[in-house]
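Please look over the sequence and the structure shown below before reading on. The report that follows goes through several parts of the structure in turn.

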Amino acid sequence: MGRFIKTTTGALILANVAMFVVFAIVAAACGGQKAALLFGVTANPWPMPWTLVTYMFTDNSLLNLLFNCLWLWLFSRMFLEIDSERRLLWCYLAGGIGGALFFLGGAWLGIGGGILFGASAAILGILSYAAVRVPYMRINLMFFGPVKFIWIGIIAVGLSLLSFASGNIGGGLAHIGGALAGALYALVLRSRRGRFRIIRPTEKKTLDELLDKVRRSGYSSLNADERKQLLDYSKKL
């Protein structure tokens with residue numbers, strides 16, 4: 001358990017659980033509306049600056065907390081197959097900030113509104129980063145077998161947009177903002193690596209062989225050394 005908490009995934013899940021408890025205590029002591037304004041993002045009145053961060057760690061119902069922790073654990077595992085724990089944290093924050101900005105932009109334009117809570121936008125930032133970073137890499141999913149990252153990303157974002165159908169316009173906008181922020185982060189990193197890093201022909205050949213093996217048999221078919229090689233080479237692309 002201690003080892004799990006020391007990971008980025010464990011720390012993020014623990015932060016979500018802790019904030020849920022803190023929010024519940026503040027709501028009981030000061031009232032739900034005041035607690036919502038202290039922890040959630042709202043366009044009217046103007047949001048407190050810190051809520052752009054606190055909202056992405058705060059769920060206002062136990063069911064939302066459980067689902068968000070489950071998705072965070074699952075998508076973080078997928079993310080860490082291709083990138084570092086440090087970047088996982090940055091993707092989470094980028095997705096959360098992107099979600100808050102889209103929510104506020106919509107509210108100020110008269111679209112959506114209300115108070116924004118929850119980790120959904122931040123989690124979508126993690127997933128969309130992976131889908132853009134390595135779209136054709138496959139990962140084995142229970143009951144489905146090998147599935148490409150790009151399809152996982154498309155399906156997850158599509159399901160999250162059901163918020164619009166349920167009338168939660170603000171939540172839907174936040175989901176779009178989170179997904180776009182994660183994708184943009186991946187594209188910016190790819191652009192920077194393209195400028196400053198060069199992969200040698202021998203490395204390119206090895207990378208092609210590893211990717212071909214992944215396409216044929218899935219990521220789990222790689223041994224530990226091959227996974228490390230693939231990660232090292234992917235950082236140069």
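## Helix 7

Helix 7 is largely enclosed by the rest of the structure, because twelve of its 14 residues are buried. This is a predicted model, and the buried residues of helix 7 are Ala-121, Ala-122, Ile-123, Leu-124, Gly-125, Ile-126, Leu-127, Ser-128, Tyr-129, Ala-130, Ala-131 and Arg-133.

The length of helix 7, which covers residues 120-133, can be checked with a short piece of reasoning: at 1.5 Å a residue its 14 residues should span 20 Å, and the end C-alpha atoms are 20 Å apart, so the two values agree.

## The nonpolar core

In soluble globular proteins, nonpolar side chains tend to be buried together. In this model the largest nonpolar core has 55 residues, and those with the most contacts inside it are Phe-75, Tyr-92, Ile-126, Met-137 and Leu-230. Several elements give two or more residues to this core, among them helix 2 (8-30), helix 3 (32-39), helix 8 (149-160), helix 10 (169-196) and helix 11 (201-217). Helix 7 gives the most to this core, with eight residues.

One residue of helix 3 is Phe-39, which counts as buried because its relative accessible area is 10%, and buried means under 20%. Phe-39 and Val-26 are 13 residues apart along the chain, and their C-alpha atoms are separated by 9.8 Å.

## Helix 5 and a surface patch

Leu-63, Phe-67, Leu-70, Trp-71 and Trp-73 together make a nonpolar surface patch of about 520 Å². Of these residues, Phe-67 has its place in helix 5, which covers residues 62-79, and Phe-67 counts as partly exposed because its relative accessibility is 44%.

Asn-64 is also found in helix 5, and with a relative accessibility of 37% Asn-64 counts as partly exposed. Although Asn-64 and Ser-120 are 56 residues apart in sequence, their C-alpha atoms are 9.2 Å apart in space.

## Helix 6

Does the span of helix 6 agree or disagree with the value expected from its 24 residues? At 1.5 Å a residue, helix 6 should span 34 Å, and its end C-alpha atoms are 35 Å apart, so the span agrees with what is expected. Helix 6 is followed by Gly-110, and the phi of this glycine is positive, near 85 degrees.

## A salt bridge

Side chains of opposite charge can pair when their charged atoms come close. How many salt bridges does the count come to? The count comes to one salt bridge, in which the side chains of Asp-83 and Arg-87 meet at 3.4 Å, taken from N to O. Asp-83 is buried, and Arg-87 is buried as well.

## Cysteines and disulfides

A disulfide is a covalent bond between the sulfur atoms of two cysteines. How many disulfides does a search of the whole structure find? The search finds zero disulfides. Are Cys-69 and Cys-91 buried or exposed? Cys-69 counts as buried because its relative accessibility is 13%, and Cys-91 is likewise buried, with a relative accessible area of 0%.

Methods. Residues numbered from 1 in each chain as written. Predicted model: local features only at pLDDT ≥ 70, side-chain atom pairs only at ≥ 80, totals over all residues. Heavy atoms only, no water. Helix = DSSP H or I, 4+ residues; strand = E, 2+ residues; numbered from the N terminus. Expected span 1.5 Å × (residues − 1). Buried < 20%, exposed > 50% of the residue type's maximum accessible area, 1.4 Å probe, protein only. Patch = residues over 30% accessible without salt bridge, like charges linked within 9 Å, V, L, I, M, F, W, Y side chains within 5 Å. Areas by Shrake-Rupley, 256 points an atom, 1.4 Å probe, with all protein chains shown as cover. Salt bridge = Lys/Arg side-chain N within 4 Å of Asp/Glu carboxyl O. Disulfide = S-S within 2.5 Å. Core = buried A, V, L, I, M, F, W, Y, C linked by side-chain atoms within 4.5 Å.
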